[in-house]
Amino acid sequence: MSNETRDGRAWQPDYLLDIDADKCIGCGRCFKVCGRDVMTLKGINEDGEVVSLDDDEDDEVEKKVMVMNDTGACIGCGACARVCPANCQVHGHEQAAA
């Protein structure tokens, strides 16, 4: 895929491919800079399962983490990587399967 900036310089998108739940601290910075709903905040319960965050189940959540929500919506801008203090994201040039 060939992309250019507004003035014609070559630009290669770097898409968010995965988030390492072991490294993620659930701070939400990446979520706040992404206007495309690519990721969402979930919980990890005591069994290590990813669960939705409900007010009723907050006692069962051991850790909050960001998880992939809509991988196809990523435009590869890299804003999420620039604000992540935990370096828990995996980025690459691979496009989602159509």
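**Exercise 1.** Which backbone oxygen does the side chain of H91 reach? Work it out in this predicted model, and then describe the surroundings of H91.

*Solution.*
- Step 1: Start by finding the residue. H91 sits in strand β5, which covers residues 89–92.
- Step 2: Follow its side chain, which reaches the backbone oxygen of Y15 at 3.5 Å.
- Step 3: Look for a side-chain partner too. The side chains of H91 and Q89 are joined by a polar contact of 3.0 Å.
- Step 4: Widen the view. With neighbours within four places in sequence left aside, H91 touches D14, Y15, L16, L17, C80 and A81.
- Step 5: Check the accessibility. H91 counts as partly exposed, because its relative accessibility is 23%.

**Exercise 2.** Decide why C84 and C88 form no disulfide with each other.

*Solution.*
- Step 1: Find the distance. The cysteine sulfur nearest to that of C84 belongs to C88, 3.7 Å away.
- Step 2: Compare it with the cut-off. A disulfide needs sulfur atoms within 2.5 Å, so the sulfur of C88 is too far from that of C84 for a bond.
- Step 3: Check the whole structure, where the search finds 0 disulfides.
- Step 4: Add the surroundings. C84 is buried at 18% relative accessible area, and C88 is buried at 5%.

**Exercise 3.** Describe the largest nonpolar core and one of its residues, V38.

*Solution.*
- Step 1: Count the members. This core has 16 residues.
- Step 2: Pick out those with the most contacts inside it: L16, I19, C24, V38, M39 and M66.
- Step 3: Name the elements giving two or more residues: β1, β2 and β4.
- Step 4: List contacts of V38 beyond four places in sequence, among them L16, V67 and A73.

Key:
Residues are numbered from 1 along each chain as its sequence is written. This is a predicted model: local features need pLDDT of at least 70, side-chain atom pairs count only at pLDDT 80 or more; totals for chains, interfaces and linings use all residues. Side-chain values use heavy atoms; hydrogens and water are left out. A nonpolar core is a set of buried Ala, Val, Leu, Ile, Met, Phe, Trp, Tyr and Cys residues joined through side-chain atoms within 4.5 Å. Buried means under 20% relative accessible area, exposed over 50%, partly exposed in between (1.4 Å probe, protein chains only). Helices (H or I, at least four residues) and strands (E, at least two) are DSSP runs, numbered from the N terminus. Contact means heavy atoms within 4.5 Å. A polar contact is a pair of N or O atoms within 3.5 Å; within protein, one must be able to donate a hydrogen and the other to accept it, and residues adjacent in sequence count only if both atoms are side-chain atoms.
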